[in-house]
Amino acid sequence: MSAHDLEPGIVTDLTDRLSYGGYLRLDLLLAAQQPRSRGADGAPRHDEMLFIVQHQVAELWLKLMVHELTAAIRFVRADALEPCFKILARVKLIQKQLFEQWAVLETLTPSEYDAFRPALGTASGFQSAQYRALEFLLGCEARGNARGVPPRRRDVRDARALLHAPSLYDEFLRHLARRGLPVPAACVERDFTQPYRREPELVPVFKTIYEHPRQWWDAYDMCEKLVDVEEGFQLWRFRHMKTVERIIGHKPGTGGSSGVTYLKRALDAPFFPELIDVRTVIGAK
C-alpha cells in the first residue's frame, strides 16, 4: 500500500449515506459568502471575502457562547454550580478564539477596507442579535438597550426574550441568597429589563466567600470563573477597538456610531462589578 492509498475500511461510496459535507451543511455554509463590492473590472474586490468570513466565523462562535451560557444559567437556577465550571472554561477558550482572530482582520489595510466599505451601507456589528443576546445573558450595562437590532428575525426575538429574564449573574446572586448568604433584596428581585447597578452591600457577601473558600468552595470557584469570562470579554472589546482604530482611524462607524470613541466607552461597562470591588477590601487594614 502506498502512502496515498486509502485504508480498506474507509467508506468511499456515499450513495444514500450521510457525508461530512452533508452533516455540516457545507453547501449552505460555503455559499453564504456573497461579496457586494465590485472593482473596475466588475469582479468582487479581493479583500471583502476576508471581511465576510471573519464576521461569519465570529457569529458562529457567538452562537456557541450563547448556547453554553444558556445551559450555565439553567444549572445555576437548579443550584448546581459544578457543571458550570466546564461550561465557563469552554466559554473562556471560545473567547480566546474570538480575540485571536482579530489578528487576521488586522492584515486589512485602510485603503483595502475603504475600497469595499461603501458596499456595507449601514450594516454594523452593533446590529448583531447574538452579540446583544450575549450581553443580556451576562447582564452588562447595555442590557436595557434592545434597540439597534433589525426586527422580525427569530434570533432577535430570542435576544429580546432574554432581556426579560435573569442574567447569569442575577441567577448566581439568587443562588447565594438561597444558601443563606445575606444578598441584598435589590439584587434578588428586580426589574431584569434594566441594567444591573453596582450594589456595595454585596461586597461583604463575596468577601465571606473569598475568606472561607473551603466552606464555600463551589461558589468560590464560580466567582473566579465569572471573572475569567469578564476579563476575556473586555480583552476582546479592547482588541476590537484597536483593530477598528488601525483600519479606519477615528471615522464614524457604518452603523452611525462614533466608531473608536464608542468602543472605548464600552470598555468601562463592567459585568460583575462587585467581584472586582471585593478585591480591594480583601486584606485591607
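Gly253 lies in the loop that links helix H12 to helix H13 (260–266). The model is predicted. The relative accessible area of Gly253 is 21%, so this glycine is partly exposed, given that buried means under 20%. Leaving aside residues up to four places away in sequence, Gly253 touches Arg117, Ser258 and Gly259. Gly125 stands 128 residues from Gly253 in sequence, yet the two C-alpha atoms are 9.5 Å apart in space.

Upstream of this loop comes H12 itself. Just after H12, Gly249 adopts a positive phi of about 65°. A positive phi also follows H3: Asp79, just after that helix, has a value of about 60°.

**Helix lengths**

Both helices can be checked against the rise of 1.5 Å a residue.

| Helix | Residues | Expected span | C-alpha end to end |
|---|---|---|---|
| H12 | 32 residues | 46 Å | 47 Å |
| H3 | 30 residues (48–77) | 44 Å | 43 Å |

For H12, the distance between the end C-alpha atoms agrees with the expected span. For H3, the two values agree as well.

**H9 against H12**

Helix H12 covers residues 217–248 and packs with helix H9, residues 168–178. Their axes are 12 Å apart, at an angle of about 165°. An angle over 145° counts as roughly antiparallel, so H9 is roughly antiparallel to H12. The crossing of H9 past H12 is left-handed. On the H9 side, the contact uses Leu168, Tyr169, Phe172 and Leu176. On the H12 side, Ala219, Met222, Cys223 and Leu226 meet them. By class, this contact holds eight nonpolar residues, with no polar and no charged ones.

**H3 against H7**

Which angle do the axes of H3 and H7 make where they cross? They cross at roughly 25° and come within 9 Å. H7 spans residues 129–138. Angles under 35° count as roughly parallel, therefore H3 and H7 are roughly parallel to each other. Their crossing is left-handed. H3 contributes Glu59, Leu62, Lys63, Met65, Val66, Leu69, Thr70 and Ile73 to the contact. H7 contributes Gln130, Tyr131, Ala133, Leu134, Leu137 and Leu138. How do these residues divide by class, and how many are charged? There are ten nonpolar, two polar and two charged residues in the contact of H3 with H7.

Technical notes
Residues are numbered from 1 along each chain as its sequence is written. This is a predicted model: local features need pLDDT of at least 70, side-chain atom pairs count only at pLDDT 80 or more; totals for chains, interfaces and linings use all residues. Side-chain values use heavy atoms; hydrogens and water are left out. Axes are lines fitted to C-alpha atoms, for helices over the stretch in contact, and angles run from 0 to 180 degrees between N-to-C directions. Helices (H or I, at least four residues) and strands (E, at least two) are DSSP runs, numbered from the N terminus. Angles under 35 degrees count as roughly parallel, over 145 as roughly antiparallel, 65 to 115 as roughly perpendicular and the rest as oblique. A crossing is left-handed if the near helix is turned anticlockwise from the far one by less than a right angle, and right-handed if clockwise. Contact means heavy atoms within 4.5 Å. Ala, Val, Leu, Ile, Met, Phe, Trp, Tyr, Cys and Pro count as nonpolar, Asp, Glu, Lys and Arg as charged, and the others, Gly among them, as polar. The expected span of a helix is 1.5 Å times one less than its number of residues. Buried means under 20% relative accessible area, exposed over 50%, partly exposed in between (1.4 Å probe, protein chains only).
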